[in-house]
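Please look at the sequence and the structure below before reading on. This briefing covers helix packing and aromatic rings.

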Amino acid sequence: MSLTSLLFIALILAFFGLKFTGIDGKINFVFKYFWSAGSALLGINILLLGMTILGVGLLPISTPFFIVLSPVISVISWNCIRLCYRKPLVKRLYAFFIGHSIYFILLLYCIYGFFTLEPSYPGEDMFMSGLGYLIGVIISFFAIILGLITFLLPYKNIKH
């Protein structure tokens, strides 16, 4: 299954779990179910990860721009979804595991690739390949930790 189809499914599930409320002429929305908040989070994570991979792959000179901008947008979007899903900690944890499953899969793939790394011909230097897998492990691990901290923080009542 491609990332595009996963993104489409996640965004459709997120839309069906939204509840629109009108307060003082403003339209607000909240997530009713943990799977809808988690699928919105998954959709945003897939979209940002795909944009970063495409940006780095297609336009290598803009790599610092994508590497700096993607985590900032991720944290802002995780915080917005956290504010739209005000449920108990366990339900937010379920939504977190659904939404960050792409980073768990990426972490497992990089760990597997690192430990099963073999040269394709005798005498091949595997340092750069191993370093790439190691950087992938570090980035996906810190994305999971940062998402856990951001998404599971207690929220304060915000008066508009």
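What follows is a short account of two topics in this structure. The model is predicted. The notes deal with the contact of α2 with α5 and with aromatic pairs.

**Helix packing**

- Helix α2 covers residues 34-58 and helix α5 covers residues 101-115.
- The two helices pack with their axes 8 Å apart, at an angle of about 50°.
- α2 and α5 are therefore oblique to each other.
- On the α2 side, the contact is made by Leu42, Asn45, Ile46 and Leu49, which meet Ser101, Ile102 and Tyr103 of α5.
- Sorted by class, this contact of α2 with α5 holds five nonpolar residues, two polar ones and no charged ones.

**Aromatic pairs**

- A pair of aromatic rings is described by two values, the distance of the centres and the angle of the planes.
- The count of aromatic pairs comes to eight.
- In one of them, the ring centres of Phe96 and Phe104 are 6.4 Å apart and the planes lie at 85°, so this pair is edge-to-face.
- Phe96 counts as buried because its relative accessibility is 1%, while Phe104 is partly exposed at 26% relative accessible area.
- The rings of Phe141 and Phe142 have centres 5.7 Å apart and planes at 70°, so this pair is edge-to-face.
- Phe141 is partly exposed, with 41% relative accessible area, and Phe142 counts as exposed at 53% relative accessibility.

**Aromatic cluster**

- One aromatic cluster is formed by Phe96, Phe97 and Phe104.

Methods:
Residues numbered from 1 in each chain as written. Predicted model: local features only at pLDDT ≥ 70, side-chain atom pairs only at ≥ 80, totals over all residues. Heavy atoms only, no water. Axes fitted to C-alpha atoms, helices over the stretch in contact; angles between N-to-C directions. Helix = DSSP H or I, 4+ residues; strand = E, 2+ residues; numbered from the N terminus. Parallel < 35°, antiparallel > 145°, perpendicular 65-115°, else oblique. Contact = heavy atoms within 4.5 Å. Nonpolar A, V, L, I, M, F, W, Y, C, P; charged D, E, K, R; others polar. Phe/Tyr/Trp six-rings, centres within 6.5 Å; stacked < 30°, edge-to-face > 60°. Buried < 20%, exposed > 50% of the residue type's maximum accessible area, 1.4 Å probe, protein only.
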